[in-house]
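Please look through the sequence and the model below before reading on. The report that follows takes up the helices and then the sheet.

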Amino acid sequence: MGMSVTISAATEQDAEQIFRLQYLCFQSEAALYGNYRIDPLVESLDSVRREVAQNCVFVARLGEEVVGAVRGRITEDGAASIGMLCVHPRLQGHGIGARLLKAAESALAEERGATRFRLHTGHRSEGNLRLCRRVGYRQVGTAQGADGIPMVVLEKPADTYAATA
């Protein structure tokens, strides 16, 4: 009998696995844009540790292995900024990303009072855009990433998180 993927809040001990997974997962994004200096690839392990300690971070586990992760934090305007969503390439397309989003949205709304959810993804990242739209996000604008990548800004009201996965 195979193991099932579980979603839980990240712990301090998960930081290194999140760091390595993020580096693996965002290689395809870097290739898509021809830019291997995108934020997820240049972030330090110490920065990931700070995120886990200070913000809302969830992981997907297959046994002891972290196979997915997502982060969220509340911004000054009351929105929840959700980012660094990644799922191991061998497990993509099985709903893990949507489950991670739902866990983060639930915690950010119920525990931290988010009024809406906001995320950014690269303008060429069709798979990411499809997932976001499927779970209720709508484009509200564009932005330029710190790494120079044109980004699509998507949002949805916090009261819709229950419909996410």
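At what angle do helix α1 and helix α4 pack, and how far apart are their axes? In this predicted model, helix α1 (residues 15-25) and helix α4 (residues 45-54) pack at an angle of about 120°, and their axes lie 9 Å apart. Angles that are neither under 35 degrees, nor over 145, nor from 65 to 115 count as oblique, and α1 and α4 are therefore oblique to each other. The crossing in which α1 passes α4 is right-handed. On the side of α1, the residues that take part are Ala15, Glu16, Ile18 and Phe19, and in α4 they meet Leu45, Val48, Arg49 and Val52. Sorted by class, this contact of α1 with α4 holds six nonpolar and two charged residues, with no polar ones.

The sheet comes next. Seven strands form an open sheet with mixed pairing, and their order is β1-β2-β3-β4-β5-β7-β6. At its edges are β1 and β6, each of which pairs on one side only. Neighbouring strands of this sheet are turned against each other by 25° on average, if direction is ignored.

The residue ranges of the two edge strands are set out here.

| Edge strand | Residues |
|---|---|
| β1 | residues 5-9 |
| β6 | residues 138-144 |

Helix α6 (residues 126-134) packs on the sheet, where α6 touches β4, β5, β6 and β7, and the direction of α6 makes about 160° with that of β5. Within the sheet, strand β2 (residues 56-62) and strand β3 (residues 65-74) run antiparallel and are joined by seven bridges; Arg61, for instance, has Val66 in β3 as its bridge partner.

As for records, an unreviewed UniProt entry carries the annotation "domain: N-acetyltransferase" for residues 5-159. Over residues 5-159, the chain is 36% helix and 34% strand, and the end C-alpha atoms are 26 Å apart.

Definitions and conventions
Residues are numbered from 1 along each chain as its sequence is written. This is a predicted model: local features need pLDDT of at least 70, side-chain atom pairs count only at pLDDT 80 or more; totals for chains, interfaces and linings use all residues. Side-chain values use heavy atoms; hydrogens and water are left out. Two strands pair if DSSP finds at least two bridges between them. Helices (H or I, at least four residues) and strands (E, at least two) are DSSP runs, numbered from the N terminus. Axes are lines fitted to C-alpha atoms, for helices over the stretch in contact, and angles run from 0 to 180 degrees between N-to-C directions. Contact means heavy atoms within 4.5 Å. A crossing is left-handed if the near helix is turned anticlockwise from the far one by less than a right angle, and right-handed if clockwise. Ala, Val, Leu, Ile, Met, Phe, Trp, Tyr, Cys and Pro count as nonpolar, Asp, Glu, Lys and Arg as charged, and the others, Gly among them, as polar. UniProt positions are given in the numbering used here, feature names are shortened, and annotations may be inferred rather than shown by experiment.
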